[in-house]
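Here is a walk through one protein model, from the inside outwards. Keep the structure in view and follow along.

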Amino acid sequence: MQGDGYDLIYVTVKIVDKNGRLVPRTHNPITFEVTGAARIVATDNGDQTSHASFQNNHIKAFNGMALVILKSKKNESGSITLTATSQGLKGATIKLTAD
């Protein structure tokens, strides 16, 4: 990701079982937190009937999946940490870098 204030990263989140298999009937709410050289600009879940705002840091999973879109901060470089949490589920964190 370039720290130019324009670059986007699309991160797909999947709710999986202990064997790493997608659990398609889950609709858990997922909350995202980002620190570092990016910010959350949108979330989505692919549910065409949903009226939830895209401009949130949380979204209800649809068929076990969700999407979060990160945008670089202008003139910032360095590490980016994205964390996804959902009550009753093990959270996940990924680390990215903006140049």
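Start in the interior of this predicted model. The largest nonpolar core has 19 residues, and those touching the most other members are Ile30, Phe32, Val68, Leu70, Ile80 and Leu82. Five elements each give two or more residues to this core: β1, β2, β3 (38–44), β5 and β6.

Phe32 is a good residue to centre on. Leaving out residues up to four places away in sequence, Phe32 touches Val13, Ile40, Thr43, Asn57, Ile59, Val68, Leu82, Thr83 and Ala84. Two of these, Val68 and Leu82, are also among the core residues that touch the most other members.

Now turn to the strands. One open sheet has four of them, in the order β4-β2-β6-β7, and the pairing is antiparallel. β4 and β7 (92–98) are its edge strands, each pairing on one side only. On average, neighbouring strands in this sheet are turned by 20° against each other, direction ignored.

Follow the pairings across this sheet. β2 and β6 are antiparallel and share six bridges. Thr31 has Thr85 as its bridge partner in β6. On to the next pair: β6 and β7 are joined by seven bridges, again in the antiparallel sense. Here Thr81 stands opposite Lys95 in β7. The hairpin of β6 and β7 has six residues between the strands. Gly88 in that hairpin takes a positive phi near 85°.

A further open sheet has three strands, in the order β1-β5-β3, with antiparallel pairing. Its edge strands are β1 and β3, and each pairs on one side only. Neighbouring strands of this sheet are turned by 25° against each other on average, direction ignored. β1 and β5 run antiparallel and are joined by seven bridges. To find one of these pairings, look at Ile9: its bridge partner in β5 is Leu70. Leu70 has already appeared, as one of the core residues that touch the most other members.

Next come the loops. Thr26 sits in the loop between β1 (8–14) and β2 (29–36). Is Thr26 buried or exposed? Its relative accessible area is 15%, and buried means under 20%, so Thr26 counts as buried. A polar atom of the Thr26 side chain lies 2.8 Å from the backbone oxygen of Val23. Setting aside neighbours within four places in sequence, Thr26 is in contact with Ile15, Ala61, Phe62, Asn63 and Gly64.

One of those contacts, Asn63, deserves a stop of its own. Asn63 lies in the loop between β4 (58–60) and β5 (65–72). The phi of Asn63 is positive, about 55°, although the residue is not a glycine. Asn63 has 36% relative accessibility, and partly exposed covers the range between under 20% and over 50%, so Asn63 counts as partly exposed.

Asn75 comes later in the chain, in the loop between β5 and β6 (78–85). Asn75 also has a positive phi, about 60°, without being a glycine. How accessible is Asn75? Its relative accessibility is 69%, and exposed means over 50%, so Asn75 counts as exposed.

Finish by tracing β5 once more. It pairs with β1 over seven bridges, and it gives two or more residues to the core.

How values were computed:
Residues are numbered from 1 along each chain as its sequence is written. This is a predicted model: local features need pLDDT of at least 70, side-chain atom pairs count only at pLDDT 80 or more; totals for chains, interfaces and linings use all residues. Side-chain values use heavy atoms; hydrogens and water are left out. Helices (H or I, at least four residues) and strands (E, at least two) are DSSP runs, numbered from the N terminus. Buried means under 20% relative accessible area, exposed over 50%, partly exposed in between (1.4 Å probe, protein chains only). A polar contact is a pair of N or O atoms within 3.5 Å; within protein, one must be able to donate a hydrogen and the other to accept it, and residues adjacent in sequence count only if both atoms are side-chain atoms. Contact means heavy atoms within 4.5 Å. Two strands pair if DSSP finds at least two bridges between them. Axes are lines fitted to C-alpha atoms, for helices over the stretch in contact, and angles run from 0 to 180 degrees between N-to-C directions. A nonpolar core is a set of buried Ala, Val, Leu, Ile, Met, Phe, Trp, Tyr and Cys residues joined through side-chain atoms within 4.5 Å.
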